[in-house]
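Here is my note on the model you sent, set out as numbered points. I begin with the chain as a whole and then turn to single residues and their surroundings.

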Amino acid sequence: MTIISYKRPIPTLKFMYGIGLFFIGILSIDTYFGVLFLGAGVFFFYTDGIEIDLTTKKYRNTTNLFGLTFGKWKDFPKIEYVSVFKTTQTTRVWVSTASTNVTATVVKVNLFYNTNQKIEAYETDFTDLAFDIAKHIASALNIDVLDATSRDTKWL
């Protein structure tokens, strides 16, 4: 595997809203509001991500829409190490007049360069998958992996 690709998943509710707006837009395409609904529906299918080509040592931040991927390839800076760590993501969910925060734990893989600058390479719910990706990147770039998933960080 020479290209590692990560595309942020579209949340189910956002996807359903997109389908609804897109469908309303198609039904009323001959009106101004139909075009507006169609455009809004397309916006709900938009997602972002990253692709890393380990053979050419390039990466690109991607924009994904309907299975098409756009982005400009950039050369890697001098990567110092790969870090794997756990973090929490909070999402605000609105239903009618009530709202709540939903928190989930995710595992991220970051590539660090220039001491404190990073490239977010991958995000997953599974620690083993994150370490597999990190080790694959580290072996291709000949760098170390930092395990920061617990309080006691350690080099692998």
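1. Of the 156 residues of the chain, 32% count as buried. This is a predicted model, and the values below are computed from its atoms. The accessible surface of the chain amounts to about 10200 Å², and carbon and sulfur atoms account for 58% of that surface.

2. On overall dimensions, the radius of gyration of the chain is 19 Å, whereas a compact globule of 156 residues would have one near 15 Å. Along the principal axes, the C-alpha atoms fill a box of roughly 60 × 40 × 25 Å. One separation to set beside these figures is that between the C-alpha atoms of alanine 140 and leucine 36, which are 46 Å apart in space and 104 residues apart along the chain.

3. The secondary structure consists of 3 helices and 10 strands, and along the sequence these elements follow the pattern β-α-α-β-β-β-β-β-β-β-α-β-β. Among the contacts in the chain with a separation of 6 or more, 43% are between residues 24 or more positions apart.

4. The largest nonpolar core has 26 residues, and those with the most contacts inside it are Ile52, Val82, Leu111 and Ile137. Two or more residues come from each of strand S1 (3-7), strand S2 (47-53), strand S6 (79-95), strand S7 (98-113), strand S8 (117-124) and helix H3 (127-141). Helix H3 gives the most to this core, with 7 residues.

5. Which residues does isoleucine 137 touch, not counting residues up to four places away in sequence? They are Ile4, Ile52, Leu54, Val82, Leu111 and Ala121, and three of the core residues with the most contacts, namely Ile52, Val82 and Leu111, are therefore to be found in that list.

6. Alanine 140 lies in helix H3, and with a relative accessible area of 30% it is partly exposed, because that value falls between the 20% limit for buried and the 50% limit for exposed residues. Leaving out residues up to four places away in sequence, alanine 140 touches Leu54 and Lys57; Leu54 is also touched by isoleucine 137.

7. Threonine 62 is found in strand S3 (residues 58-65). Is this residue buried or exposed? Threonine 62 counts as buried, because its relative accessibility is 4%, and the cut-off for buried is under 20%. The side chain of threonine 62 reaches the backbone nitrogen of isoleucine 50 at 3.5 Å. When neighbours within four places in sequence are left aside, threonine 62 is in contact with Thr47, Asp48, Gly49, Ile50, Glu51, Thr69 and Phe70.

8. The structure holds 10 aromatic pairs. One of them joins tyrosine 81 and tryptophan 155 in an edge-to-face arrangement, at 5.3 Å centre to centre and with 80 degrees between the planes. Because tyrosine 81 lies in strand S6 and tryptophan 155 in strand S10 (residues 154-155), the pair ties together parts that are 74 residues apart in sequence. Tyrosine 81 is buried, because its relative accessible area is 18%, which is under the 20% cut-off.

9. A further point on the aromatic residues concerns Tyr17, Phe43, Phe44 and Tyr46, which ring pairs link into a cluster.

Definitions and conventions: Residues are numbered from 1 along each chain as its sequence is written. This is a predicted model: local features need pLDDT of at least 70, side-chain atom pairs count only at pLDDT 80 or more; totals for chains, interfaces and linings use all residues. Side-chain values use heavy atoms; hydrogens and water are left out. A nonpolar core is a set of buried Ala, Val, Leu, Ile, Met, Phe, Trp, Tyr and Cys residues joined through side-chain atoms within 4.5 Å. Buried means under 20% relative accessible area, exposed over 50%, partly exposed in between (1.4 Å probe, protein chains only). Helices (H or I, at least four residues) and strands (E, at least two) are DSSP runs, numbered from the N terminus. Contact means heavy atoms within 4.5 Å. A polar contact is a pair of N or O atoms within 3.5 Å; within protein, one must be able to donate a hydrogen and the other to accept it, and residues adjacent in sequence count only if both atoms are side-chain atoms. Rings of Phe, Tyr and Trp (its six-membered ring) pair if their centres lie within 6.5 Å; planes under 30 degrees apart count as stacked, over 60 as edge-to-face and the rest as tilted. The radius of gyration is taken over C-alpha atoms; the globule rule is 2.2 Å times the number of residues to the power 0.38. Accessible areas come from the Shrake-Rupley method with a 1.4 Å probe; for residues, only the protein chains shown count as cover.
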